[in-house]
Structure formats: structure tokens, C-alpha cells
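Colleague: I am new to this structure and would like a close look at one part of it. Please take a single buried position as the starting point and build the surroundings outwards from there, explaining each term as it comes up.

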Amino acid sequence: MFNSLQSFLDIWQDEAASTQLIFDALTDESLNQTITPEHRSIGRLAWHIVTTLDEMTGHAGLKFDGAALGSEVPSTAAEISDAYQRENEAMVKAIREQWSDATLFEERDMYGEDWTIGNVLWVLITHQIHHRAQITVLMRQAGLMVPGLYGPSKEDWLTRGSMPPEV
Ligand code: NI
């Protein structure tokens with residue numbers, strides 16, 4: 001858990017950069033990729049990540065202009081990537097202006113439970129990682145290159161002319 005706003009922002013900066021890297025690797029055609037028709041497509045998962053920035057922090061009282069929850073999934077990857085960049089910048093600015101280290105320990109009613117703001121920010125990170133990982137699996141099904149995030153992806157190894165270690 002975070003005991004300073006800066007400790008969250010340091011981790012978030014890297015996580016947001018990774019998400020941006022994934023969104024920038026998407027193509028318009030790939031947005032329709034699903035495991036089965038009953039599951040969310042890449043486009044819907046990506047847009048869910050974008051709209052959650054406003055939805056989750058908004059529940060906790062943060063105010064900034066974001067993509068409206070439930071708004072239609074854009075038809076191009078560029079729109080999703082641009083929206084994420086815009087909304088993320090607005091959210092980080094609002095967090096710096098409206099919240100402080102002390103705010104992290106304040107509780108808010110979140111989905112019927114009492115969460116500290118520190119926990120809200122933690123879940124914001126884990127929720128994004130969860131859905132971003134779902135997207136990377138779908139990207140391979142769509143024939144896209146998956147960029148390495150926490151280390152080289154298989155594609156990164158192959159591009160360098162070597163094989164990933166067997167682990
Ligand atoms: Ni979700």
C-alpha cells in the first residue's frame with residue numbers, strides 16, 4: 001500500500017507508459033478480436049481501461065474530464081490511444097491538485113465497501129494490469145507483435161535472433 005502520493009505516481013507513470021505501449025501496438029482490425037463472441041473484444045477491453053480511470057477515481061471523489069463510462073468504443077486504435085493519453089494526463093493532474101499524502105488514508109464508499117484512497121489507487125493499478133494482460137493474449141490471436149513490458153516478450157527475443165529461455 002502507498003504511504004505517499006509520490007510513491008503511487010512513480011509506479012503509475014511506468015504502468016501508464018506500458019499501457020500506452022500496448023495501445024499504440026493495436027490496429028483498427030484487431031479491435032474486434034475476441035476469444036469467443038461472448039467475451040470482450042480488444043476494443044472493449046481497451047476502452048474499459050480508458051473509462052475506468054475516470055470511473056474509479058470519480059467514485060472516490062476526484063474530478064476531471066474523462067471519457068464517459070459506457071460511451072461507445074471508438075472504431076480506431078488511434079482514438080483509443082489518444083483518449084488514454086489525454087485522460088491519464090488529466091487524471092494525474094487532478095490527483096496532484098486534489099489529493100495529498102493524508103488523502104490516501106481517507107475512506108470512501110466504493111461499490112458498497114469502505115476503501116481508503118490508497119486502496120483505490122492500488123486497485124486502479126491491478127485492474128489495469130489484469131485487463132492489459134487479457135489484451136496481450138488477444139493481440140497474439142490477432143497476429144500482432146506484443147511489446148515486452150516487465151521484460152522481453154517472446155517477439156522481442158525472436159527479433160534479436162535468439163530464443164527465450166525455457167522457464
Ligand atoms: Ni474491469
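Modeller: Alanine 77 counts as buried, because its relative accessibility is 6% (buried means under 20% relative accessible area, exposed over 50% and partly exposed in between, with a 1.4 Å probe and protein chains only). The model is a predicted one, in which local features need pLDDT of at least 70 and side-chain atom pairs count only at pLDDT 80 or more, while totals for chains, interfaces and linings use all residues. Residues are numbered from 1 along each chain as its sequence is written, and side-chain values use heavy atoms, with hydrogens and water left out.

Alanine 77 belongs to helix 3, which spans residues 77–98 (helices are DSSP runs of H or I with at least four residues, strands are runs of E with at least two, and both are numbered from the N terminus). Once the neighbours within four places in sequence are set aside, the residues in contact with alanine 77 are Leu26, Thr27, Asp28 and Leu31 (contact means heavy atoms within 4.5 Å). The C-alpha atom of alanine 77 is also 7.0 Å from that of phenylalanine 23, although the two positions lie 54 residues apart along the chain.

Helix 3 also holds glutamine 85, which is partly exposed because its relative accessible area is 39%. The C-alpha atoms of glutamine 85 and arginine 44 are 17 Å apart, with a distance of 41 residues along the chain.

A second buried position touches this part of the chain. Phenylalanine 64 sits in the loop between helix 2 and helix 3, and its relative accessible area of 14% is why it is classed as buried. Beyond its neighbours within four places in sequence, phenylalanine 64 makes contact with Leu53, Asp54, Thr57, Glu87, Ala90, Met91 and Ala94. For one of these, alanine 94, the C-alpha atom is 6.4 Å from that of phenylalanine 64, and the two residues are 30 apart along the chain.

Leu53 appears again in the lining of the largest cavity, together with Ile49, Thr52, Leu124, His127 and Gln128 (on a 1 Å grid over the protein atoms alone, a cavity is a set of points where a 1.4 Å probe fits but cannot get out, and lining residues have an atom within 4 Å of a point). A search of the whole structure finds one cavity of 30 Å³ or more, and the largest cavity holds about 30 Å³ of space (the volume is the space filled by probe spheres set on the points, which are joined across faces, edges and corners). At least two of the lining residues come from helix 2 (42–59), and at least two from helix 4 (117–141). By type, the lining of the largest cavity contains three nonpolar residues, three polar ones and no charged ones.

Helix 4 is also where glutamine 134 is placed; that residue counts as partly exposed because its relative accessibility is 30%. Between the C-alpha atoms of glutamine 134 and lysine 63 there are 29 Å, with 71 residues of separation along the chain.

Two further positions lie outside the helices. Serine 4, in the segment before helix 1 (5–24), is counted as buried because its relative accessibility is 18%, and it touches Asp101 and Leu104 when residues up to four places away in sequence are not counted. Tyrosine 111 is found in the loop between strand 1 (107–110) and strand 2 (113–116), and it is partly exposed because its relative accessible area is 42%. The phi of tyrosine 111 is near 55°, a positive value in a residue that is not glycine. Most residues other than glycine have a negative phi.

As for the whole, the protein has five helices and two strands, and from the N terminus on its elements follow the order α-α-α-β-β-α-α. Buried residues make up 43% of its 167 residues. Among the contacts with a separation of 6 or more, 69% join residues that are 24 or more positions apart. Taken along the principal axes, the C-alpha atoms fill a box of roughly 50 × 35 × 25 Å.

Definitions and conventions. On a 1 Å grid over the protein atoms alone, a cavity is a set of points where a 1.4 Å probe fits but cannot get out, and a pocket is an open set with protein on both sides within 12 Å along at least five of seven lines; lining residues have an atom within 4 Å of a point. Ala, Val, Leu, Ile, Met, Phe, Trp, Tyr, Cys and Pro count as nonpolar, Asp, Glu, Lys and Arg as charged, and the others, Gly among them, as polar.
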